[in-house]
Amino acid sequence: MSVSGTTIAPRDFPANGGGLCQKGWTSGSLLTSPARLTSPLIRVDGELVPASWEDALTQIAHRIAEIQRRHGKDGVAVFGGGGLTNEKAYLLGKFARVALGTSQVDYNGRFCMSSAAAAGNKAFGLDRGLPFPLTDLADADVVLLVGANPAETMPPFVQHLRRAIDTGTLIVVDPRHTPTAEQASLHLAPAPGTDLALALGILHAVVAEDLLDQAYVDDRTAGFEAMWRIVARWWPERVERVTGVSAADQRRVAATLAKARSAYVLTARGAEQHASGSDTVSAWINLALALGLPGREGSGYGCLTGQGNGQGGREHGQKADQLPGYRRIDDPAARAHVAAVWGVPAESLPGPGRSAYELLDALGCEDGPRALLVFGSNVVVSAPHSAHIAEKLSTLDLLVVADLVLSETAALADVVLPVTQWAEEDGTMTNLEGRVLLRRRAIAPPAGVRTDLDVLNGLATRLGQPAERFPVDAETVFTELREAARGGLADYSGITYDRLRAGEALYWPVPDEGHPGTPRMFLDSFAHPDGRARFAPVEHRGPAEPPDAEFPLQATTGRVLQHYQSGAQTRLVKELNDVVPEAYVEVHPDTAKRQGLVNGDWAVVTSRRGEATVRVRCVESMRADMVFLPFHFPGAQRANLLTNPALDPTSRMPEFKVCAVKLEKAENT
């Protein structure tokens, strides 16, 4: 791989085996892309024009002060991203609560893994995506993959499933016949929004067929009886009527998992992005617990992360309810500890704020924020009910976006700040298995571009904070993060840059510098005070918006191989965009035919919130009652013009994965 003329040799790194996907091996082109921002931009007479850093930062600070004078501290909000390094996420949360004094801070990871995090915390007392090394999967006898399509979203991951694929023991649960499902020996295609019912049916079969690991349940868990009172009503034949998955296949999955020496249950966005996402993930964890998998070497439950720092990004304080080290912001002891590290009174720290969608929905309201600072997110494309969110942004007195390109959100901003990207800065990230990785600067950034840490320092000092409270050096920030995280669930206190430079594989928690890290969690006990995992009594509810006569189809959304997230970066890479240059709707040929549509036609997909105009792709394997749209595209092709912002009551995750729609032929195309 070449980065700005510098050849970088691949390493035999365990997580990816030295491999990259298309997005990885083309990412170097963004470093010198003509679309890079290299100067701050300020809106003058409706147009964004170049400005100096001094003018941009001074104007932002002045306007923040004025807005907070008129509307209070919570008049200013901050929105972060799951792609930010640990250092950026940490300092962003500190900036919000100390420099701004606002409770209104959240991030786009709320749209990604929050339901799995909520379920993991409830079951195990702690949330780490994979509580075991990724390489453990290579020896699995059986892998049950729920709502994940890694063959497109993270291709290097698939090498760890090779044994299960080759021996015919990869089981995939997904409404679509994806490239991942294509490699499975058994593909279960439930109706959208019925994953929870399917988990109940398989678990019923485990108990009814005498496959329950009774000794494990007795010795290592609590809450089985309350959970079983619900599951007992969901026998496989009843579940078949709800999901469309045969009772025989449910029993086959139960038997295959129970008889395996080594088995894993893995969930991802397809299980989580529902108004009942936390309960859905809990149902799959219940299945894993009934089989005695979590906390047993060679088996387990895990969740696949969705962003580059999806794990670390949710541990160090950029969430509305969180302080560093995965501490709760409403815990007095946590507040006292972190305040002492920050050198501020504990009572000065604000309390919990609004979750991501609720924060965006409150923008411009009488009791909502009047200013928003966005770091590492493109909410105009990525938020549900996105036309509504764009309207909300237009009501603000101040919108500031820090990004490396002029994303759709940045294009609406009053001030845009050009920041560095991956090869141009130091920092750490925590991968899906909880391993902390040091990412080193390879090249200098373009002239005029600053790091996010520089930006936060520049704003904080102009708001009256001492410069040393907001360091610009990543290692200095990490050293402080270690102290803030000390004693927390995600304890990084024993991790140092020197240990990472030396190549140590450090999986948190690492409570002191002599500690080797914790690659496999829960082998002796779970993180609840009594050491037991918890079954969760969860009930199937179905989609928040079922289909009806007006909107007879169900739409689901997801990624494609060539693009990532909102597409703001990948759409600028010619090799990727040439392959998938526009949005489309996957639909069964019979469903398309009923609307007078054929492959390649332009269609309008309409929900109660909006409509997207996209090209038709007829796919024989699609369910006749659903359609699929990728969510990487802007403008009238935005899949999130359709999506439902109904929220999970626990995680506050919107229901991205299913909404009622109709399909019609586009006029004048």
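**Exercise 1. The sheet**

Task: In what order do the seven strands of the open sheet stand, and which are the edge strands?

Solution. The open sheet runs β4-β3-β17-β16-β15-β5-β6, with mixed pairing. Strands here are DSSP runs of E with at least two residues, and helices are runs of H or I with at least four residues, each numbered from the N terminus. Two strands count as paired if DSSP finds at least two bridges between them. The edge strands, each pairing on one side only, are β4 (47-50) and β6 (105-107). From one strand to the next, the twist averages 20 degrees.

The model is predicted: local features need pLDDT of at least 70, side-chain atom pairs count only at pLDDT 80 or more, and totals for chains, interfaces and linings use all residues. Residues are numbered from 1 along each chain as its sequence is written, and side-chain values use heavy atoms, with hydrogens and water left out.

**Exercise 2. Strand β17 and its partners**

Task: How many bridges join β3 to β17, and how many join β16 to β17?

Solution. Step one takes β3 (residues 41-44): two bridges join β3 to β17, and these strands run antiparallel. Ile42 stands opposite Val415 in β17. Step two takes β16, which four bridges join to β17 in parallel. Here Val401 has Val416 in β17 as its bridge partner. Both directions are possible in general, since strands of a sheet pair through backbone hydrogen bonds, either parallel or antiparallel.

Step three looks at the side chains of β17. Val415 and Leu417 point one way, Val416 and Pro418 the other way, and all are buried. Buried means under 20% relative accessible area, exposed over 50%, and partly exposed in between, with a 1.4 Å probe and protein chains only.

**Exercise 3. Helices on the sheet**

Task: Which strands does helix α3 lie across, and which does helix α19 touch?

Solution. Begin with a strand pair: β5 (residues 76-80) and β15 (residues 371-375) run parallel and are joined by four bridges. Val78 has Leu373 in β15 as its bridge partner. Helix α3 (residues 86-100) lies across β5, β6 and β15, at about 175 degrees to β5. Helix α19 (residues 452-462) packs on the sheet, touching β15, β16 (398-403) and β17 (415-418), and its direction makes about 155 degrees with that of β15. Axes are lines fitted to C-alpha atoms, for helices over the stretch in contact, and angles run from 0 to 180 degrees between N-to-C directions.

Next, compare the two helices. α3 and α19 pack at about 15 degrees, with their axes 10 Å apart. They are therefore roughly parallel to each other. The classes are: under 35 degrees roughly parallel, over 145 roughly antiparallel, 65 to 115 roughly perpendicular, and the rest oblique. Among the residues that meet are Leu91, Leu92 and Phe95 in α3 and Leu453, Leu456 and Leu459 in α19. Contact means heavy atoms within 4.5 Å.

**Exercise 4. Helix α8 and two other helices**

Task: At what angle does helix α8 cross α10, and at what angle does it cross α14?

Solution. The axes of α8 (residues 195-208) and α10 (residues 224-231) come within 10 Å and cross at roughly 110 degrees. That makes α8 roughly perpendicular to α10. Leu200, Leu203, His204 and Val207 in α8 meet Phe224, Met227, Trp228 and Val231 in α10.

With α14, the axes of α8 come within 8 Å and cross at roughly 15 degrees. α8 and α14 are therefore roughly parallel to each other. The meeting residues include Ile202, Leu203 and Val206 in α8 and Ala283, Trp284 and Leu287 in α14.

**Exercise 5. Two residues**

Task: Is Ser282 buried or exposed, and is Asp491 buried or exposed?

Solution. Ser282 is found in helix α14 (residues 277-290). At 3% relative accessibility, Ser282 counts as buried. Leaving aside neighbours within four places in sequence, Ser282 is in contact with Ala119, Lys122, Ala536 and Val538.

Asp491 lies in the loop between α20 (474-485) and α21 (497-501). Its relative accessible area is 7%, so Asp491 is buried. Not counting residues up to four places away in sequence, Asp491 touches Ala485, Arg486, Trp508, Pro509, Val510 and Pro511.
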